[in-house]
Amino acid sequence: MSELDADIDDVVVSAEQIQAKTAELAKQIDADYGDREPLLVGVLKGAVMFMSDLARVLERPSTMEFMAVSSYGSATTSSGVVRILKDLDRDIAGQHVLIVEDIIDSGLTLSWLLKNLAARQPASIEVVALLRKPEAVKVHVPVKYVGFEIPNEFVVGYGLDYAERYRDLPYIGRLKPEVYTS
Ligand code: PRP
């Protein structure tokens, strides 16, 4: 048991479930892309774990870029404010962009990101998200690949943080309320 496990009430998505779902999503992506090489655009920092696991199970070669945007601060709900902390390192014109997200919560980050990246003239643009919360439905962002629909509760692990911690947990779990209320 890691020190962090003690702060978790229960497991929402296990490491095994994440692994199986990632393989399933990769299979779909491989089939859909055919001979097109996806350019994975990971949204830091949360997507790091999912992006690295996904890239390794994709049979198709892919390339990687990262972008960092801020929407949350360290609070547990979305503020709706999006700003670029780190932009892509290269031009994506003509590329088959696949945005890789750990979670879609309010959908605001993704909605903004899709507009921003689409303006750079990629050949195509799609989204793969490991987790999606019910609120995201309201924003109507087209997400081609979704791993798990999860309830509207605050979760951490596998990239998701609370005050920058818990990203290194291998599963997604519900944090004990006393951890963020104390
Ligand atoms: C999280 C997550 C998404 C975004 C989703 O990132 O990784 O990018 O929030 O929220 P939304 O759908 O309500 O816009 P966060 O801003 O917490 O940064 P982090 O990945 O560095 O923790």
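**From helix H1 to the two sheets**

Helix H1 is followed by Gly 34, whose phi is positive, near 55°. The model in which this glycine appears is a predicted one. The helix that precedes Gly 34 comprises 19 residues, and from its first C-alpha to its last it reaches 27 Å, close to the 27 Å expected at 1.5 Å a residue. An α-helix has 3.6 residues a turn, so residues three or four places apart point the same way. In H1 the buried residues are Ile 18, Lys 21, Thr 22, Leu 25, Ala 26, Ile 29, Asp 30 and Tyr 33.

What does H1 pack against? The partner is an open sheet of 6 strands, which follow the order S4-S3-S2-S5-S6-S7 with mixed pairing. At the edges of this sheet stand strand S4 (83–86) and strand S7 (145–149), each of which pairs on one side only. From one strand to the next, the twist averages 30°. Helix H1 (residues 15–33) touches strand S2 (38–44), S5, S6 and S7 of the sheet, and its direction makes about 160° with that of S7. A further helix, H3 (residues 108–118), lies across S2, strand S3 (63–70), S4, S5 and S6; H3 runs at about 165° to S5.

Strands of a sheet pair through backbone hydrogen bonds, either parallel or antiparallel. Within the sheet of 6 strands, strand S5 (residues 96–104) and strand S6 (residues 124–132) adopt the parallel sense, over 8 bridges. One of the bridge partnerships links Ile 104 to Arg 132 in S6.

Strand S6 also contains Val 128. Is Val 128 buried or exposed? Its relative accessibility is 0%, so Val 128 counts as buried. Leaving aside residues up to four places away in sequence, Val 128 touches Leu 25, Ile 29, Phe 50, Leu 54, Leu 98, Ile 99, Val 100, Glu 101 and Tyr 145. Two of these contacts, Leu 25 and Ile 29, are among the buried residues of H1. Leu 98 lies 30 residues from Val 128 along the chain, yet the C-alpha atoms of the two are separated by 6.9 Å.

Past the end of S2, the backbone has a further feature of note. Leu 44 and Lys 45 are joined by a cis peptide bond, with omega about -10°. Lys 45 belongs to the loop between S2 and helix H2 (48–57).

A second open sheet is formed by 3 strands in the order S1-S9-S8, with antiparallel pairing. Strand S1 (8–13) and strand S8 (155–156) occupy its edges with a single partner strand each, so one side of each is left without a neighbour in the sheet. S8 is joined to strand S9 (residues 172–175) by 2 bridges, the two strands running antiparallel. Val 156 has Gly 173 in S9 as its bridge partner.

The loop between S8 and S9 holds Tyr 158 and Glu 164. Phi of Tyr 158 is near 50°, a positive value in a residue other than glycine. Glu 164 likewise has a positive phi without being glycine, the value being near 75°. How do Tyr 158 and Glu 164 stand in terms of accessibility? Tyr 158 has a relative accessible area of 6% and is therefore buried, whereas Glu 164, at 46% relative accessibility, counts as partly exposed.

Key
Residues are numbered from 1 along each chain as its sequence is written. This is a predicted model: local features need pLDDT of at least 70, side-chain atom pairs count only at pLDDT 80 or more; totals for chains, interfaces and linings use all residues. Side-chain values use heavy atoms; hydrogens and water are left out. Two strands pair if DSSP finds at least two bridges between them. Helices (H or I, at least four residues) and strands (E, at least two) are DSSP runs, numbered from the N terminus. Axes are lines fitted to C-alpha atoms, for helices over the stretch in contact, and angles run from 0 to 180 degrees between N-to-C directions. Contact means heavy atoms within 4.5 Å. The expected span of a helix is 1.5 Å times one less than its number of residues. Buried means under 20% relative accessible area, exposed over 50%, partly exposed in between (1.4 Å probe, protein chains only).
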